[in-house]
Amino acid sequence: MQMENSVRVIPIECKFGPVSAFAYYIDAPEPAIIDTGVNASAAADIEPVLAEHGIKIEDIRWILLTHGHVDHLGGAYAVWEKTGQRAKVAIPKKEARLLRNRDEQILDYKALQGQYIHDASIQQKHIAILKGDIGDNLEPALELVEGDTIDLGGGIILKVIETPGHSIGSVTFLLEELGWAFAADAVQMYGGLGGLPTIENPIRYRGSLQKLLDIRPKRLYLGHPFRNKQGELQNAQIEGDETSAVLQASLDMDAKLQDIVKRHWKDGAPNDQHELYGPFASVAEEIGYTGDPRNLPCAFFVTMNGYKEELFGGRYI
């Protein structure tokens with residue numbers, strides 16, 4: 001209990017466009033920030049929020065990235081610069097390429113959402129947004145794998161738990177002593193602002209959720225406010241019995257999507273191509289999805305592609 005009272009976590013909402021992503025500052029002898037928003041977040045959100053708490057951004061000694069998506073990694077270089085390039089940057093080994101070479105972000109975009117967007121002008125617009133949201137290339141000090149630990153001093157030790165599925169290399173940082181799990185986007189409930197979870201690989205996603213259920217965290221620190229079954233956006237910081245409920249809700253939504261895609265695609269990919277939803281129009285209709293998947297970010301094509309690959313085999317299976 002004494003440790004729980006002594007560990008301060010400051011949630012920082014990094015806003016960009018209509019959406020936002022959370023970064024988490026851990027006050028420790030070697031202060032850490034988990035995730036960094038986009039390139040503009042360091043100056044617009046992280047530095048001023050820390051200043052409100054009497055903390056200087058230059059004192060951060062660890063920049064810990066849960067995964068390589070732009071809304072969590074994009075601000076890493078800017079934060080690192082503000083620390084006088086002294087902070088150590090750590091990222092999952094499977095996604096380190098996305099930090100050291102931002103062109104890899106474009107390749108991932110084209111392989112996922114981009115493959116279903118056939119308007120070249122929209123693709124170029126998306127690529128320009130991605131490049132603007134990512135700082136310069138940055139070489140990580142550490143490439144993280146399952147079981148690694150980060151010692152922040154004062155008995156505050158974070159254990160690396162691999163929780164892929166949202167992305168191929170996502171990790172959760174677990175403060176074992178307290179049962180606090182910084183899971184970011186490894187837990188999606190019923191989806192974010194757009195109303196659909198972003199799942200690149202459903203098989204690994206549900207395995208990660210089960211792993212977290214087995215750990216039984218006392219707190220979950222998520223990357224965004226996600227929706228419950230009623231469509232209401234929930235707090236991104238969850239504790240107590242609600243943590244298990246949130247994890248189970250995420251599994252329930254996965255099971256629902258898996259069943260729907262199996263039924264609609266049981267005879268193979270449909271020949272019809274919808275103007276907005278491509279081959280997934282019937283699925284969109286059943287789940288009541290009415291968003292525009294040509295926007296960025298958009299979960300629709302990424303997630304539908306994941307369930308399609310689970311059904312027929314693909315690059316992650």
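The questions and answers below walk through a predicted model, taking up its sheet, a helix pair and its aromatic rings.

Reader: Which strands stand at the edges of the open sheet of six strands?

Author: The sheet is open, has mixed pairing, and follows the order β1-β2-β3-β4-β5-β6. Each edge strand has a single partner strand, so one side of it is left without a neighbour in the sheet. The strands in that position are β1 and β6 (142-144).

Reader: How many bridges join strand β1 to strand β2?

Author: Strand β1 covers residues 8-16 and strand β2 covers residues 19-27, and the two run antiparallel. Among the bridge partners are V9 with I26, and also I12 with A23. The hairpin of β1 and β2 has two residues between the strands, and G17 takes a positive phi near 60° there. The number of bridges joining β1 to β2 is nine.

Reader: Which helix lies across β1, β2 and β3, and at what angle to β1 does it run?

Author: The strands in question belong to the open sheet, in which the twist averages 20° from one strand to the next. The helix lying across β1, β2 and β3 (32-34) covers residues 41-52 and is α2, which runs to β1 at about 150°.

Reader: At what angle do helix α6 and helix α7 pack?

Author: Helix α6 spans residues 103-111 and helix α7 spans residues 120-133, with their axes 10 Å apart, and their crossing is right-handed. Residues D103, I106, Y109 and K110 in α6 meet a set in α7 that includes I122, H126 and L130, and the residues of this contact divide into five nonpolar, two polar and three charged. The angle at which α6 and α7 pack is about 145°.

Reader: Why does the aromatic pair of Y24 and Y221 tie together parts that are far apart in sequence, and how many residues apart are they?

Author: The search of the whole structure finds 16 aromatic pairs, and Y24 and Y221 form one that is edge-to-face, with 5.1 Å centre to centre and 65° between the planes. Both Y24 and Y221 are buried. Because Y24 lies in strand β2 and Y221 in strand β11 (residues 219-222), the parts tied together are apart in sequence by 197 residues.

Reader: Is the pair of F280 and F301 stacked, edge-to-face or tilted?

Author: F280 sits in the loop between α9 (242-264) and α10 (281-287), while F301 sits in helix α11 (residues 300-312), 21 residues apart. F280 and F301 are buried, and they belong to one aromatic cluster that also includes Y116 and W265. The ring centres lie 6.4 Å apart and the planes stand at 50°, so the pair is tilted.

Notes
Residues are numbered from 1 along each chain as its sequence is written. This is a predicted model: local features need pLDDT of at least 70, side-chain atom pairs count only at pLDDT 80 or more; totals for chains, interfaces and linings use all residues. Side-chain values use heavy atoms; hydrogens and water are left out. Axes are lines fitted to C-alpha atoms, for helices over the stretch in contact, and angles run from 0 to 180 degrees between N-to-C directions. Helices (H or I, at least four residues) and strands (E, at least two) are DSSP runs, numbered from the N terminus. A crossing is left-handed if the near helix is turned anticlockwise from the far one by less than a right angle, and right-handed if clockwise. Contact means heavy atoms within 4.5 Å. Ala, Val, Leu, Ile, Met, Phe, Trp, Tyr, Cys and Pro count as nonpolar, Asp, Glu, Lys and Arg as charged, and the others, Gly among them, as polar. Two strands pair if DSSP finds at least two bridges between them. Rings of Phe, Tyr and Trp (its six-membered ring) pair if their centres lie within 6.5 Å; planes under 30 degrees apart count as stacked, over 60 as edge-to-face and the rest as tilted. Buried means under 20% relative accessible area, exposed over 50%, partly exposed in between (1.4 Å probe, protein chains only).
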